[in-house]
Amino acid sequence: MKARVSWDKDLTFTGTTDSGYKTVMDGSGNAVSPMESVLIAVGACSSVDVVDILKKGRFNIEACNCELEAERAEEPPRVFTKIHAHYTVSGEGISEKALARAVQLSAEKYCSVMLMLTGNVDITTSYTLV
């Protein structure tokens, strides 16, 4: 995997993946910050796992949302110290047990972004089945 980050102006940068996708990030609040993008990556990566695991279980998923809340160190470097991911999932026939298993497998085995942060960030999860 490769990517390129190019300075646009001020503290604005455009990242381009080797697959051609682009994202703009900014260090002064004019776009998603790099730390916000890491937090979003945690939610997106783990949500992909949760949906994929439930689909493999032949559940009909109607919605999956992941609300994230993070705490950062007070002093630089202002790394994440805690992240909580709460999944709200709806669909037909999804059991509490299946959703719990999907969230646990994502957090402990499959989510590359979460697992990269393990040991440095206290990551917790919860879920609501609608």
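Biologist: Where does Asp 10 sit in this chain?
Modeller: Asp 10 is in the loop between S1 and S2. Keep in mind that this is a predicted model.

Biologist: What makes the phi of Asp 10 worth a remark?
Modeller: Its phi is near 45 degrees, a positive value, and the residue is not glycine. Most residues other than glycine have a negative phi, so a positive one goes against the usual pattern.

Biologist: How do you know which peptide bond is cis, and where is Pro 77?
Modeller: Look at the bond from Pro 76 to Pro 77: omega is near -5 degrees, and the bond is cis. Most peptide bonds are trans. As for Pro 77, the loop between strand S4 (60-72) and strand S5 (80-92) holds it.

Biologist: What is the order of elements along the chain?
Modeller: Starting at the N terminus, you read β-β-β-α-β-β-α-α-β. That comes to three helices and six strands. The C-alpha trace spans about 50 × 35 × 25 Å along its principal axes.

Biologist: Why is H1 called oblique to H2?
Modeller: The axes of helix H1 (residues 34-56) and helix H2 (residues 96-110) cross at roughly 135 degrees, coming within 9 Å. Roughly perpendicular covers 65 to 115 degrees and roughly antiparallel needs over 145, so an angle in neither range counts as oblique. That makes H1 oblique to H2.

Biologist: Is that crossing left-handed or right-handed?
Modeller: H1 and H2 cross in a right-handed way.

Biologist: How do you know which residues of H1 and H2 are in contact?
Modeller: Contact needs heavy atoms within 4.5 Å. On the H1 side you get Ser 46, Asp 49, Val 50, Ile 53 and Leu 54, and the residues they meet in H2 include Ala 98, Leu 99, Arg 101 and Tyr 110. By class, this contact has nine nonpolar, two polar and two charged residues.

Biologist: What lines the largest pocket?
Modeller: There are 13 lining residues, with Ala 3, Gly 15, Thr 16, Thr 17 and Thr 23 lying nearest the centre of the pocket. Strand S1 (3-9), strand S2 (12-17) and strand S3 (22-26) each give at least two residues to the lining. The volume of this pocket is about 250 Å³. Its lining divides into five nonpolar, four polar and four charged residues.

Biologist: And which residues line the second largest pocket?
Modeller: Ser 37, Val 38, Ala 41, Val 113, Met 116 and Leu 117 do. H1 and helix H3 (112-117) are the elements that provide two or more of these residues. The space in this pocket is about 180 Å³.

Biologist: How many residues of that second lining are nonpolar, polar and charged?
Modeller: Five are nonpolar, one is polar and none is charged. Val, Ala, Met and Leu all count as nonpolar, while Ser falls among the polar ones.

How values were computed: Residues numbered from 1 in each chain as written. Predicted model: local features only at pLDDT ≥ 70, side-chain atom pairs only at ≥ 80, totals over all residues. Heavy atoms only, no water. Axes fitted to C-alpha atoms, helices over the stretch in contact; angles between N-to-C directions. Helix = DSSP H or I, 4+ residues; strand = E, 2+ residues; numbered from the N terminus. Parallel < 35°, antiparallel > 145°, perpendicular 65-115°, else oblique. Left-handed = near helix turned anticlockwise from the far one by under 90°. 1 Å grid on protein atoms, 1.4 Å probe; cavity = no way out; pocket = protein on both sides within 12 Å on 5 of 7 lines; lining within 4 Å. Points joined across faces, edges and corners; volume = space filled by probe spheres on them.
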